[in-house]
Structures are given as structure tokens and as C-alpha cells.
Amino acid sequence: MTTVLESLISNLMVPTILFFVLGLIAAAVRSDLSIPEGAAKFMSLYLLLAIGFKGGHSLSKHGLQPDLFLAIGVGLLLSFLIPFIAFALLKTMTQLDTLNAAAVAGHYGSISIVTFVAASSLLDLSGITFDGYMVAVAAAMEVPAILSALWIAHKYGKADETASVPMRELLANGSIVLLVGAFFIGAVTRENGMEMIAPFVVTPFTGILCLFLLDMGLNAGRSLMRNKHMLSGGLFAFGVVMPMIGALLACVLGMMIGLGTGSLFLLLVLSASASYIAVPAAMRIALPQAEAGIYLTLSLGVTFPFNITVGLPLYLWLATLAA
């Protein structure tokens, strides 16, 4: 038990996670610390570009092997199935109506790209390699969960409470376009492309991520304090328990297809995270009567802080143990 705790603490003691904790503390003490909105937008664009490009570059060295398609297939399956598990758990643990439960469930089948970027950085700092195609797995896991949530809402909710979402709007989400686009640019430009922009996408990456996670800690802490009245004990517990269920399911499937430690860890992180960008945008269109304060507070105010501070070290320990 002591060894497990030492492993978790060592994985927690990295600058990226600690800057997120600093943001949470600053929000809790009502500090006036803030990151300008324009700077935060630039940092998010930079991180998506950098992680996508590096993933594509890694794929160019790996090649289109069967393990790439297996990993994407498992990612799609997880993204499709997790909302059904989340919905059943919500109906058991909380008093949420069907519409709101479906909306929340969709967030937990989709992914948080910021959590994925933080996890990638943790692997780099720990000296653990991972397959570049995991960026493609992350992109593939955005949409299926939204479709599952809409099916649940239509099947078990009232027909007039749901609306159709054009597939073009889902696939044209800015974060997905930049992530996938940078991935393909990194893949086709190969070593020459990496040599050209390595000083931009490699050297400053961790420092910019620290600033970005400081801002995310501020946002998450303030969101939680502002909307805590919406969180019942059951909802709060769901926001902590559901990520671990998703991670355990991903661990089983990832082991079945033989993922290495780094890639297995990233699959656990993707399955444990909850979207707070792409899915809320889709839910506003598709399920306009669902309470945004509930699903945003759960994903951004509960699950995101849990994953960054406790989940990442826990999932890395689990992946190391399982791989």
C-alpha cells in the first residue's frame, strides 16, 4: 500500500498538475488572479496544434499498422457505450429527469482534450513513450457519445424535447478541426516538418500548458463555487465514480488489444474524462431544455479537477500495473 501511495504522489508532483491545483486554490480564496481571455484562447489553439502535429509526426514513423485501427475501434466502442452506463448510473444515484440524465451521460462518453494534453505531458515528463495514433483515437471519440445521448433522450424522453443536430456542426467543431488537421500535417511533413517547427511545438509546450492549466483551475474552481447549489450528494459522487468506471472499462479493452503502458494510460484518460467544449455546444442545440448548469458544473467543476489532480496519477499507476 505504501508503494502505491508513493507512486501516486510522485505522479502528482509535476508542474502541470500543481499549477492546476494553484488555480483551484486561487479560486477558493477568491483571488483576483486571472488569465486574459485572448491569451487563454491562444494557449488552447497552441496546445491543440502542438499535440496534433506531434501525434501525426509519431504516426509517420509508426505507419498504418493493424494496432492503429484496433485502437480507434476500441475508442469508438467506448465512446458509444459509456453514455449508456452513465445514464443507468445517474438514474440510480440521482433524481435527475431523463432529459438531463441523457445530456449529462453524453458528456461522459465524449472526451476532454485538455485532460488528454495534460496526460500526454505527464508521460513526457515521466519518460514513458506512447503511440502517436492516440491523437486519432481522441478525435474519433468525440462524436459517438453525442449520438448515444441523443438516442437515449429520444427513446426514454419526450419527443418534443429533442432536436436534430447536423453532423456537419459536430465534425466542424473548431477543436476537432485543428487537432485532426495538425495531425495530418504532422503525418505528411514527417521529419522535415518537425525540424522546421520543433522550437515552437516542443520547447515551450510544458510552460504554456502550465499557464493554461492554471487558467483551467481558476475556471473550474469558480464554476464549482458558483453552481454548487445544483450539485446533490448523488450528482457529486457520480462525477467522481463515473470516471473510474470508464477507466476500468478502457483498461480491460486496452489490455485485450495489447496497448503499451503509455497508450493504455491515454485510453484510460480518454474514457475517464468528460467533455466541456464539444458536447455542451451540441446539447445546446439538440437538448435545449436540459440544464446547462448541471452538466457543465459536473464536467468542468467536479470531474475535470478530479481527473487532473487525482485521476491522472491513479490511471498511470493502473496502466503501469496492467500493461
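Arg30 is exposed, with a relative accessible area of 68%, and it sits in the loop that runs between helix 2 and helix 3 (37–62). The model in which Arg30 is placed is a predicted one, and the points below take up its backbone, its helices, its aromatic pairs and its cysteines in turn. Across the whole structure, a search finds 10 aromatic pairs, whereas the count of disulfides comes to 0.

**Backbone angles**

- The phi angle of Arg30 is near 60°, which is a positive value in a residue other than glycine.
- Arg190 also has a positive phi, near 55°, and is likewise a residue other than glycine; Arg190, however, lies within helix 10 (residues 174–201).
- With a relative accessibility of 47%, Arg190 counts as partly exposed, because the partly exposed class lies between 20% and 50%, whereas Arg30, at 68%, counts as exposed.

**A contact between distant positions**

- Ala28 belongs to helix 2 (residues 15–28), and its relative accessible area of 47% makes it partly exposed.
- Although Ala28 and Met225 are 197 residues apart in sequence, their C-alpha atoms are 7.8 Å apart in space.

**Helix 4 and its aromatic residues**

- Phe80 is found in helix 4 (residues 66–93) and is partly exposed, with a relative accessible area of 41%.
- Together with Leu77 and Leu81, Phe80 makes a nonpolar surface patch of about 250 Å².
- The search for ring pairs, which gives 10 for the whole structure, includes the pair of Phe84 and Trp151, whose arrangement is tilted, with 5.8 Å centre to centre and 55° between the planes.
- This pair links distant parts of the chain, since Phe84 is in helix 4 and Trp151 is in helix 8 (residues 143–156), 67 residues apart.
- Both partners of the pair are partly exposed: Phe84 has a relative accessible area of 28%, and Trp151 has one of 45%.
- Ring pairs also join Phe80, Phe84, Phe87, Trp151 and Tyr156 into a cluster, so that Phe80 takes part both in this cluster and in the nonpolar patch with Leu77 and Leu81.

**Span and burial of helices 8 and 13**

- Helix 8 has 14 residues, which at 1.5 Å a residue should span 20 Å, and its end C-alpha atoms are 20 Å apart, in agreement with that expectation.
- The buried residues in helix 8 are Val143, Pro144, Ala145, Ile146, Ser148, Ala149, Leu150, Ile152 and Ala153, whereas Trp151 of helix 8 is partly exposed.
- Helix 13 (residues 261–272) has 12 residues, for which the expected span at 1.5 Å a residue is 16 Å, and the distance between its end C-alpha atoms, 16 Å, agrees.
- Helix 13 is mostly covered, with 11 of its 12 residues buried; among them are Gly262, Ser263, Leu264, Phe265 and Leu266, as well as Ser271 and Ala272.

**Cysteines**

- Cys210 is buried, with a relative accessible area of 8%, and Cys251, at 6% relative accessibility, also counts as buried; both values qualify because buried means under 20% relative accessible area.
- The count of disulfides in the structure is 0, which means that no pair of cysteine sulfur atoms lies within 2.5 Å.

Notes: Residues numbered from 1 in each chain as written. Predicted model: local features only at pLDDT ≥ 70, side-chain atom pairs only at ≥ 80, totals over all residues. Heavy atoms only, no water. Buried < 20%, exposed > 50% of the residue type's maximum accessible area, 1.4 Å probe, protein only. Patch = residues over 30% accessible without salt bridge, like charges linked within 9 Å, V, L, I, M, F, W, Y side chains within 5 Å. Areas by Shrake-Rupley, 256 points an atom, 1.4 Å probe, with all protein chains shown as cover. Salt bridge = Lys/Arg side-chain N within 4 Å of Asp/Glu carboxyl O. Helix = DSSP H or I, 4+ residues; strand = E, 2+ residues; numbered from the N terminus. Phe/Tyr/Trp six-rings, centres within 6.5 Å; stacked < 30°, edge-to-face > 60°. Expected span 1.5 Å × (residues − 1).
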